[in-house]
Amino acid sequence: MATTTDPARTSLPVVGPPKRGADIDYELFLDCVHCGLCTSACPTYLELGTEMDSPRGRIYLMRAVTDGRLEASDPEVRRHLDLCLDCRACESACPSGVQYGNLIEPFRAHLAKTQPPSVALSALQQLALFGMTPYARRMRWALAPLRLMQRLGLDRLVEKSGLLRLLPRSLRQMHEMVPHLEPHHGLPEVLPAEGTRRARVALFLGCAGDAFLPQTALATARVLQRNGCEVWVPRAQVCCGALHYHSSREEPARAFAKANCAAIPVQDVDAIVVNAAGCGAMLKDYGHLLHDEAGTTLAAKVKDVSEFLMALGPLKPEHPLPIKATYHDACHLCHAQQIRRQPRQLLELIPGLQLVPLNETEICCGAAGSYNITEPEMADRLGERKAKNILDTGARALFTGNVGCLLQIGKHLRRQRPGLWVAHPIDALWASYSGQIPEAARAAMS
């Protein structure tokens, strides 16, 4: 691919071929033919209706800054770019194959190095996002008091008393996101296959998912075992790095990636199985992030759990789960990984489960990593939009394959109609394999 050496385009270094986390190949801007088909897929354009809040408009802005026609410090430019969720729905909609993610992410990283931040996070938010969330053990310790309060019923007492209103807004937002927390028992390093061994896999637990939804990690391991997989849980695995990378903090993201490459000897497993869309998309991008053989080799082994099971050939579950349910396509599963059918195929295996379509299923729910903290107003608008579409189906359960979506959608459904079961497809599959129906599922079925 040709490179551009026009001196008028020196405000952003230009090299080729394109590399995520590095400089942008100018030719990537030229792939956009300005047809506008991306606009109907863009969450912020649907909400605001402004051209500069569409993928096409943001490409205009980034190119204008690169050409020197606009200043990177212009607050309006930064605002339009900051509002992008990086959901990559535009990539799925684009007939020209524009690599929008390979534009917006390195462009933001470049701005972060050359311009002061446009969104100021409080010290508490910084601590929560970058000092706790990427570290599973710290997250478990931080959530322990709330888990105890939930068990004793004190959380409901505090909510009814109105004391939460005295907390800073950022703390109230974080509290609203927390679902009912199940006990965290941890997983052994190796879980043997049931019956004839069909595969040996490494299970990537992630950080937030392991802390907030330990039951899903356990269900994932049990489902893999039931399907003849020996499951290895690498003890030295760390955060995938997505939270830092999408916040334009490239070096910590690379450090996490290198640690995972060292922690998971890929030659010893058939696949690295992930149950969180955001983690899976990030791990699959390690070749671009690290630009080395270790990252590329690891990325080639990464599989979403639904992707892996459908390729393996899942055993049919036996226990009925008579519930009307719908499925939300997590952005980094359907757009970044192009995985849509497999989660639905797993759910369709479950006896008695009625899966109904969801309007705007591929429109972002507003979670988008740390977006619901950095851009709470737009995140709330998108969360309410998603909740309305879910409630319009009449479903009593909502399934989706990403921890951020589960927390965001759960928060908005609890506001409007408590009692719906919000869970990962793997939670439903394990319930049907084992006959152990979660309390939330029983409540939704009643």
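Student: Which cysteine sulfur is closest to the sulfur of Cys405, and why is there no bond between the two?

Tutor: In this predicted model, the closest cysteine sulfur to that of Cys405 is in Cys365, at 4.0 Å. A disulfide requires the two sulfur atoms to lie within 2.5 Å, so the sulfurs of Cys405 and Cys365 are too far apart for a bond.

Student: What makes Cys207 a similar question, and how many disulfides does the structure hold?

Tutor: The sulfur of Cys207 has its closest cysteine sulfur in Cys239, at 3.7 Å, which is also too far for a bond. The structure holds 0 disulfides.

Student: Are Cys207 and Cys405 buried or exposed, and how do you know?

Tutor: Buried means under 20% relative accessible area. Cys207 has a relative accessibility of 10%, so Cys207 counts as buried, and Cys405, with 6%, is therefore buried as well.

Student: How many aromatic pairs are there, and what makes the pair of Tyr26 and Phe29 edge-to-face?

Tutor: The count comes to 3 aromatic pairs. One of them joins Tyr26 and Phe29, whose ring centres are 5.5 Å apart and whose planes stand at 70° to each other. Because ring centres within 6.5 Å count as a pair and planes over 60 degrees apart count as edge-to-face, the pair of Tyr26 and Phe29 earns that name. Tyr26 is buried, with a relative accessible area of 1%, and Phe29 is buried with 1% too.

Student: Why is the pair of Phe399 and Trp421 described as edge-to-face, and which parts of the chain does that pair link?

Tutor: The centres of Phe399 and Trp421 lie 5.3 Å apart, with 80° between the planes, and since the limits are 6.5 Å for pairing and over 60 degrees for edge-to-face, both conditions are met. Phe399 is in strand E8 (residues 397–399) and Trp421 in strand E9 (residues 421–423), so that this pair, 22 residues apart, links distant parts of the chain. Both Phe399 and Trp421 are buried.

Student: Why is the contact of Glu51 and Arg56 called a salt bridge?

Tutor: The definition asks for a side-chain nitrogen of Lys or Arg within 4 Å of a carboxyl oxygen of Asp or Glu, and the side chains of Glu51 and Arg56 meet at 2.8 Å, N to O. As to their surroundings, Glu51 has a relative accessibility of 27% and therefore counts as partly exposed, whereas Arg56, at 18%, counts as buried. By this rule the count comes to 23 salt bridges.

Student: How do you know that Arg415 and Asp380 form a salt bridge, and which parts of the chain does the pair tie together?

Tutor: The closest N and O atoms of Arg415 and Asp380 are 3.9 Å apart, and because the cut-off is 4 Å, the pair qualifies. Arg415 lies in helix H23 (residues 403–416) and Asp380 in helix H22 (residues 376–392), so the pair ties together parts that are 35 residues apart in sequence. Arg415 is partly exposed, with a relative accessible area of 40%, and Asp380 counts as partly exposed at 23%. Elsewhere, salt bridges that share partners join Glu47, Glu360, Arg381 and Arg385 into one network.

Student: Glu360 appears in that network; what sets its backbone phi apart, and where in the chain is Glu360?

Tutor: Phi of Glu360 is near 55°, a positive value in a residue other than glycine. Glu360 is placed in the loop between strand E7 (353–356) and helix H21 (371–374), and at 24% relative accessibility Glu360 counts as partly exposed. Arg88 likewise has a positive phi, of about 70°, although it is not a glycine. The place of Arg88 is in the loop between helix H4 (75–82) and helix H5 (89–93), and Arg88, at 12% relative accessibility, counts as buried.

Student: Which residues form the nonpolar patch on the surface, and why does Leu154 count as partly exposed?

Tutor: Leu148, Leu152, Leu154 and Leu157 form the patch, with about 390 Å² of accessible area together. Helix H8 (136–152) and helix H9 (154–161) each supply at least two of its residues, and Leu154 is in helix H9. Partly exposed covers values between 20% and 50%, so Leu154, at 37% relative accessibility, falls in that class.

Key: Residues numbered from 1 in each chain as written. Heavy atoms only, no water. Buried < 20%, exposed > 50% of the residue type's maximum accessible area, 1.4 Å probe, protein only. Patch = residues over 30% accessible without salt bridge, like charges linked within 9 Å, V, L, I, M, F, W, Y side chains within 5 Å. Areas by Shrake-Rupley, 256 points an atom, 1.4 Å probe, with all protein chains shown as cover. Helix = DSSP H or I, 4+ residues; strand = E, 2+ residues; numbered from the N terminus. Phe/Tyr/Trp six-rings, centres within 6.5 Å; stacked < 30°, edge-to-face > 60°.
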